[in-house]
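Trainee: Please take me closely through one part of this model, with the terms spelled out as you go.

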Amino acid sequence: MFPIRVQDLRFRPNGRAVLDGVDLELGDEGITLVLGPNGAGKSVLLRMLCGLIQPTGGRITFGGHEGAAPRSGVMMVFQHPMMIRASVADNVALSLKPLGVPRAERRARAMAVLERVGLANRAADSARQLSGGEQQRLALARAWLTRPRLLLLDEPTASLDPSATAEVERIVREIRTDGTRIVMTTHNLGQATRLGDDVVFMSAGKVREHAPLQRFFSRPASEEARLFIQGELPWRMNF
C-alpha cells in the first residue's frame with residue numbers, strides 16, 4: 001500500500017476548485033496531521049484517499065499501483081460517526097462481517113477491542129444512547145478491529161469536551177502503536193503537537209507545506225503557515 005503518492009490531484013465540482021493540484025507523498029509509519037483553514041480541501045483529500053470521492057484530475061498511487069484505494073486495509077472515521085440501531089457490541093462486530101469472520105469470533109474480538117477503548121461495560125447498551133465521546137470511541141474501535149494499514153480521521157474530536165478528547169487521543173496513540181498509519185485532520189493546534197509526527201498544511205485546495213511537526217511549528221516555511229499558527233489566517237477561504 002505504501003508509499004501513497006498523490007500527484008496533481010484536482011476536484012472541481014461545478015467548476016469550483018476544491019482541490020487544485022495537490023501533490024503529496026506519505027510513508028508507512030506515524031501520524032500525519034492535515035492542517036489548514038476551513039475550505040482548504042482537507043476533508044475532501046481524506047475522502048479521495050479512501051475512494052469515497054473520485055477526482056476530476058490527477059492520480060493517487062498505492063505502493064506504486066494506480067487506481068482506487070485497496071478494498072481492505074483502509075478505514076475512515078468521521079466527525080459524526082453513524083451508528084446502526086443495535087447494541088454497542090453489534091456495532092463494533094459489524095466491521096468484521098464483510099471479511100467472513102464467524103459470528104462467535106466476531107463477538108469475541110469485538111469485546112476485546114471494547115475493553116481497549118473503555119466501553120466493555122456498555123456492550124449490551126444501544127449504541128445510539130452513548131454520549132458523543134463514547135460514540136467516537138466506538139467508531140475508533142470499529143475501525144481498529146479490522147487492523148487497517150491506513151486509518152483516516154476527519155476532525156474526530158471537534159465537538160468533544162476536553163475529557164472525551166483526551167480519551168480519543170489515547171486511543172489514537174494506541175492504534176498507531178499497533179502499526180496503523182494514521183492521517184488526521186484537526187483545527188486543534190494543541191492536539192496536533194500532542195499527536196503528530198508530521199504536518200501537511202493546506203490552503204485554497206493546495207498543499208503549501210509538508211514538514212516534520214517540530215519544524216513546522218518552530219520554523220514554518222511560509223508566511224501563510226506562520227499566520228495560521230498565530231491564529232491570524234482567515235478561517236474561510238473564497239475560491
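Mentor: A residue is called buried under 20% relative accessible area, exposed over 50% and partly exposed in between (1.4 Å probe, protein chains only). By that scale S72 is exposed, because its relative accessible area is 53%. This is a predicted model, in which local features need pLDDT of at least 70 and side-chain atom pairs count only at pLDDT 80 or more, while totals for chains, interfaces and linings use all residues. Residues are numbered from 1 along each chain as its sequence is written, and side-chain values use heavy atoms, without hydrogens and water.

S72 lies in the loop between β5 and β6 (74-77) (strands are DSSP E runs of at least two residues, helices H or I runs of at least four, numbered from the N terminus), and its C-alpha is 7.5 Å from that of P148, although 76 residues separate the two in sequence. Beyond that loop, β6 belongs to an open, mixed sheet of 6 strands ordered β6-β7-β8-β3-β9-β10 (pairing takes at least two DSSP bridges), where β6 and β10 (206-212) are the edge strands, each pairing on one side only. The twist from one strand to the next averages 15 degrees (axes are lines fitted to C-alpha atoms, for helices over the stretch in contact, with angles from 0 to 180 degrees between N-to-C directions). Within this sheet, β7 (150-154) and β8 (181-185) pair in the parallel sense over 5 bridges, with L152 partnered by V183. Helix α4 (132-144) lies across β6 and β7, running at about 175 degrees to β6, where contact means heavy atoms within 4.5 Å.
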